[in-house]
Amino acid sequence: FTRTGVAALFGAATALFCVGASSAFAQDDDFQTWNMVTLNRNFDKHWRGYLEVQPRLGDDSSRPNALLLRGAVGYAVQPNISLWLGYANVTFYVPR
């Protein structure tokens, strides 16, 4: 990616988000906290790994709302091309 390409991609994503957000509205106020920890690792010249843990708190950040766990293994075909295979586990917590 070049700087110009990244800037154009970011601008297009921002515009798309703004258009989509204009038709959405909130029913209730609920402050949420979404945290994320990511780990990226190159094991050797070709093999790579990725791990993400994303706990989300709801009900004004007073209780667990969801937990996202993602992992992936990648293989670099060339220095700028890699193929990835991953898995995601999403758990939602229902209030009692």
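A nonpolar patch lies on the surface of the predicted model. Its members are Phe43, Trp47, Val73, Tyr75, Val77, Ile81 and Leu83. Together these residues have about 690 Å² of accessible area. Two elements, β4 (63–78) and β5 (81–92), each give two or more residues to the patch. Strand β4 contributes the most, with three residues.

Individual members of the patch can be placed on the accessibility scale. Ile81 belongs to strand β5. Its relative accessibility is 41%. Ile81 is therefore classed as partly exposed, since that class lies between the 20% limit for buried and the 50% limit for exposed residues. Trp47 falls in the partly exposed class too, because its relative accessible area is 42%. For Tyr75 the relative accessibility is 31%, so this residue also counts as partly exposed.

Trp47 and Tyr75 are both patch members, and their rings also form an aromatic pair. A search of the whole structure returns one such pair. The ring centres of Trp47 and Tyr75 are 4.8 Å apart. Their planes meet at 65 degrees. The pair is edge-to-face because this angle is over 60 degrees. The pair connects distant parts of the chain. Trp47 sits in strand β3 (residues 47–58), while Tyr75 sits in strand β4. The two residues are 28 residues apart.

A further ring is accompanied by a charged side chain. Arg56 lies over the face of Trp34. The distance to the ring centre is 3.5 Å.

These features belong to a fold with one helix and five strands. Along the sequence, the order of elements is α-β-β-β-β-β. The helix thus comes before the strands in that pattern. Of the 96 residues in the protein, 14% are buried. The protein exposes about 8,100 Å². Carbon and sulfur atoms supply 63% of that area. Among contacts with a separation of 6 or more, 33% are between residues 24 or more positions apart.

In summary, β4 and β5 each give two or more residues to the nonpolar patch. Within this patch, Trp47 of strand β3 and Tyr75 of strand β4 form the aromatic pair. Both of these residues are partly exposed, at 42% for Trp47 and 31% for Tyr75.

Note on methods. Residues numbered from 1 in each chain as written. Predicted model: local features only at pLDDT ≥ 70, side-chain atom pairs only at ≥ 80, totals over all residues. Heavy atoms only, no water. Helix = DSSP H or I, 4+ residues; strand = E, 2+ residues; numbered from the N terminus. Buried < 20%, exposed > 50% of the residue type's maximum accessible area, 1.4 Å probe, protein only. Contact = heavy atoms within 4.5 Å. Areas by Shrake-Rupley, 256 points an atom, 1.4 Å probe, with all protein chains shown as cover. Patch = residues over 30% accessible without salt bridge, like charges linked within 9 Å, V, L, I, M, F, W, Y side chains within 5 Å. Salt bridge = Lys/Arg side-chain N within 4 Å of Asp/Glu carboxyl O. Phe/Tyr/Trp six-rings, centres within 6.5 Å; stacked < 30°, edge-to-face > 60°. Lys NZ or Arg CZ within 6 Å of the ring centre and 35° of its normal.
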